[in-house]
Amino acid sequence: MALSEEEQLKARLWELGDLSYLLHDGQDYIRQKYHETTGRRFVVNCSRRYGKSYLACVLALEHALKHANSQIRIAAPTAKMVRSIIEPHMRNILLDAPRTVKPKHLKNMGNWTFPNGSQIHVAGCDAGNAERHRGTEMHLGIIEEAGFVDDLEYVCQDIFLPQTITTDGRIVMLSTPPRTPAHPFAMYCAQAEAKGNYVHRTIYDAPHITDRQREEYCSESGGQHSTTWRREYMAEFVVDESRAIVPEFAEYEKAIVGKVDRPGHFETYTAADLGFRDLTFVVFAYYHFPNDMMVIEDELVLERSNSGVIADAIKEKEKALYGDQEPAMRVVDADRIVLSDLSSIHKLRLTPARRDDRDAAINALRLAITGKKILIHPRCTALRAHLRHGVWNKARTSFERSGEFGHFDGVAAACYLLRHALRGKNPFPIHGVDVTEDTHYVPKRVVNGGDVAEVVNIFKPRHRRS
């Protein structure tokens, strides 16, 4: 039977590897941006119901058709997603494929083999399935719903990337934002945006969604300011308030990040959460008595460092900030061996951090933020990121782990600081500079923080021998 004119045109497009006729304008916009860029990683951050899974399949098919003997891999978060989403999309798209270019599907192998020798391999990344994506070479790797792949960095950096060395291949990530911006997908988005290999599309960019549908979805999600609407449909990176460690930080960040002149007298504090698997995070602060405020002036973030490196880095930072002034307290959370090393070998005077009643310590940090009793210097970018993005694990038994932010150790360091620092202690001398123990009798009960009006009369000149 002779093909109709439309069927002949479709067959020609398949032979050319141009399947743009299958896409709506929003999908084709992303497709064009992909072809206009040349970066190793191309990242798409877009709304739910945009059609990104369908687009992923089209990009894979186009590459297979245009480039003979090419190896294409599509990774999904789970094997179930492969069966329920990827395979049905591939099956529906291939209904249009003419016999001359149509691939053979080996379902048990999870691949499609084309007459020109190209292959598309599909597998999930759960339960060890990510290893199925390993191979000698790859011309195109697509990670579908990358924001929900548990070990995204491993899949991207360890499995996909090495396979592109000899092929000059590319990696495409498509996803809606994950529940926490601490997920590596947020990092890949930032890197791709800086290099011009990034596309961000909201529900308003999806031409197949009507205004009535958008209004309905918005209402059902809790309104325009809800976490669900902003994350799922506006494709914004927001922390789910139900899992955020410090949910108030997003609202108060601008108010508590800034600079202030140091008072004439102050006591300094160093607080550290040491980690060898996780990050070592140290904050350097002082208590601003006139403003009744803890001022965090700097931070130190180290990874997989030994006690000698940590001790030297702490001493160097303290000297740069405060000269020869010894901290009133160095509070450190570490095991006994490390604490012993830092104290006996590296001569750091330490106070072991209290780890009891974790919730009370976090509540104290949250109250300090809402009460504006803490000021964070703008250069403390890592601390601000940990406070902004920090989330609990699903069981709320500990902080979530993130490839970029570790175990949100900056939050722990800030908690130790507020728990141990002597807030309210007056560092100003109670008498003038001309009053010393050599010239006057100063009772031991007169300590910093006393009321000058009550005690000034007990400073009596010492009798000098003639």
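**Helix α10 and its surroundings**

Biologist: At the start of α10, which residue sends a side-chain oxygen to the backbone nitrogen of G308?
Modeller: Helices are DSSP runs of H or I with at least four residues, strands are runs of E with at least two, and both are numbered from the N terminus. A polar contact is a pair of N or O atoms within 3.5 Å; within protein, one must be able to donate a hydrogen and the other to accept it, and residues adjacent in sequence count only if both are side-chain atoms. Here the oxygen comes to within 3.1 Å of that nitrogen. Its owner is N306.

Biologist: What kind of model is this?
Modeller: Residues are numbered from 1 along each chain as its sequence is written, and side-chain values use heavy atoms, without hydrogens and water. Local features need pLDDT of at least 70, side-chain atom pairs count only at pLDDT 80 or more, and totals for chains, interfaces and linings use all residues; the model is predicted.

Biologist: How far apart are the end C-alpha atoms of α10?
Modeller: The expected span is 1.5 Å times one less than the number of residues. Helix α10 covers residues 307–322, which makes 16 residues, so it should span 22 Å. The model agrees: the ends are apart by 22 Å.

Biologist: Which residue follows α10, and what is its phi?
Modeller: The helix is followed by G323. Its phi is positive, near 65 degrees.

Biologist: Which elements do the buried residues of α10 pack against?
Modeller: Buried means under 20% relative accessible area, exposed over 50%, and partly exposed in between (1.4 Å probe, protein chains only). Among the buried residues of α10 are I310, I314, E318 and L321. Contact means heavy atoms within 4.5 Å. The packing partners are β9 (268–273), β10 (279–288), β11 (293–303), β12 (329–333) and α11 (336–345).

Biologist: T270 lies in strand β9. Which side chain makes a polar contact with its side chain?
Modeller: T270 is buried, at 4% relative accessible area. Leaving aside neighbours within four places in sequence, T270 touches residues including V282, F284, I314 and V331. The polar contact is 2.7 Å long, and the partner is E318.

Biologist: Which residue pairs with E297 in a salt bridge?
Modeller: A salt bridge puts a side-chain nitrogen of Lys or Arg within 4 Å of a carboxyl oxygen of Asp or Glu. For E297, the closest N and O atoms are 2.8 Å apart. E297 lies in strand β11 and its partner in the loop between α9 (249–256) and β9, so the pair ties together parts 35 residues apart in sequence. E297 is buried, at 8%, and the partly exposed partner, at 36%, is R262.

Biologist: Is K319 buried or exposed?
Modeller: The side chains of K319 and D324 meet in a salt bridge of 2.9 Å, N to O. D324 is exposed, with 73% relative accessible area. At 52%, K319 counts as exposed.

Biologist: How many salt bridges are there?
Modeller: Some share partners, and D18, D28, R31 and E62 are joined in this way into one network. Another, of 3.8 Å, links D205 and R201. The count comes to 34.

Biologist: Which helix gives the most to the largest nonpolar core?
Modeller: Such a core is a set of buried Ala, Val, Leu, Ile, Met, Phe, Trp, Tyr and Cys residues joined through side-chain atoms within 4.5 Å. The largest has 47 residues, with W14, L61, I93, I120 and I142 making the most contacts inside it. Ten residues come from helix α3.

Biologist: How many residues does the second core hold?
Modeller: This core is separate and includes V246, F399, A414 and L417. Its size is 44 residues.

Biologist: How many disulfides does the structure hold?
Modeller: A disulfide needs two cysteine sulfur atoms within 2.5 Å. The sulfur of C189 is 10 Å from the closest one, in C46, which is too far for a bond. C189 is also buried, at 2%. The number of disulfides is zero.

Biologist: Which residue offers its backbone nitrogen to the side chain of H386?
Modeller: H386 sits in helix α13 (residues 381–389). At 3% relative accessibility, H386 counts as buried. Beyond four places in sequence, its contacts include L279, F281 and F405. The nitrogen, reached at 3.4 Å, belongs to D409.
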